[in-house]
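Q: Could you take a close look at one part of this model for me, the sheet and what packs on it? I'd love a connected picture.

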Amino acid sequence: MEIKKRENIPENRQVRLTVAVDRGTWQDALMHCYNGIKALCPVEGEPTREKIEAVYGSDFLYQEAVNETYPQALVDAIGQEDISIAGTPTLTVEDIGPDGFTFTALIDLYPEVKLGQYKGLSAVYPQAELSEEDTQAALEAVEVVIGDVLLDHLDQLLPAGEPPAIVAL
């Protein structure tokens with residue numbers, strides 16, 4: 001992986017990186033993709049990579065190989081440039097061939113935040129006042145709900161064939 005270009009776009013808080021994936025990494029990815037699909041591609045005789053590329057085109061495996069190689073290349077490039085990303089980058093393949101590929105990544109950056117005075121701030125919290133009647137009403141509502149739930153599931157709570165016992169809540 002090699003970073004070909006870095007373009008800062010300050011008005012949008014973005015960076016555009018142009019990244020090249022080297023021939024060795026690219027060929028390894030193509031071979032890995034070939035090994036994964038060679039049994040699925042009908043060609044006459046032994047399904048060699050050359051035969052598959054002759055039948056389906058030399059770029060047949062490119063999409064899979066790009067999907068296999070760009071995530072690590074992007075992570076390496078972001079780390080090398082020490083970028084704090086704020087979202088999923090937008091990727092565009094610029095150039096692709098047997099010697100590798102080049103892609104651009106448009107990366108959103110976190111906004112710069114300048115804190116003002118925040119030490120010594122206070123907040124007003126309203127005091128909640130509950131009467132004895134409020135508390136009793138809430139307890140009675142809970143008793144009704146618990147009673148309804150117990151009645152709905154009584155058959156699951158009792159052993160089979162035993163009559164329910166009367167329980168006061």
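A: Happy to; here is a walk through the sheet and its surroundings.

This is a predicted model, in which local features need pLDDT of at least 70 and side-chain atom pairs count only at pLDDT 80 or more, while totals for chains, interfaces and linings use all residues. Residues are numbered from 1 along each chain as its sequence is written, and side-chain values use heavy atoms, with hydrogens and water left out.

Four strands make up an open, antiparallel sheet, in the order E1-E2-E4-E3. Here strands (E, at least two residues) and helices (H or I, at least four) are DSSP runs numbered from the N terminus, and two strands pair if DSSP finds at least two bridges between them. E1 (2-9) and E3 (90-97) stand at the edges with a single partner strand each, so one side of each has no neighbour in the sheet.

Let's follow E4 (residues 100-108). Eight bridges join E4 to E2, antiparallel, and among the bridged pairs is valine 15 with isoleucine 107. Towards E3, E4 pairs over seven bridges, also antiparallel, including leucine 91 with alanine 105 and glycine 97 with glycine 100. E3 and E4 form a hairpin, with two residues between them.

Helix H3 (residues 62-81) lies across E1, E2, E3 and E4, at about 55° to E4; contact means heavy atoms within 4.5 Å, and angles run from 0 to 180 degrees between N-to-C directions of axes, lines fitted to C-alpha atoms, for helices over the stretch in contact. Seven of the nine residues of E4 are buried (under 20% relative accessible area, 1.4 Å probe, protein chains only), so E4 is largely enclosed by the rest of the structure.

How values were computed. Buried < 20%, exposed > 50% of the residue type's maximum accessible area, 1.4 Å probe, protein only.
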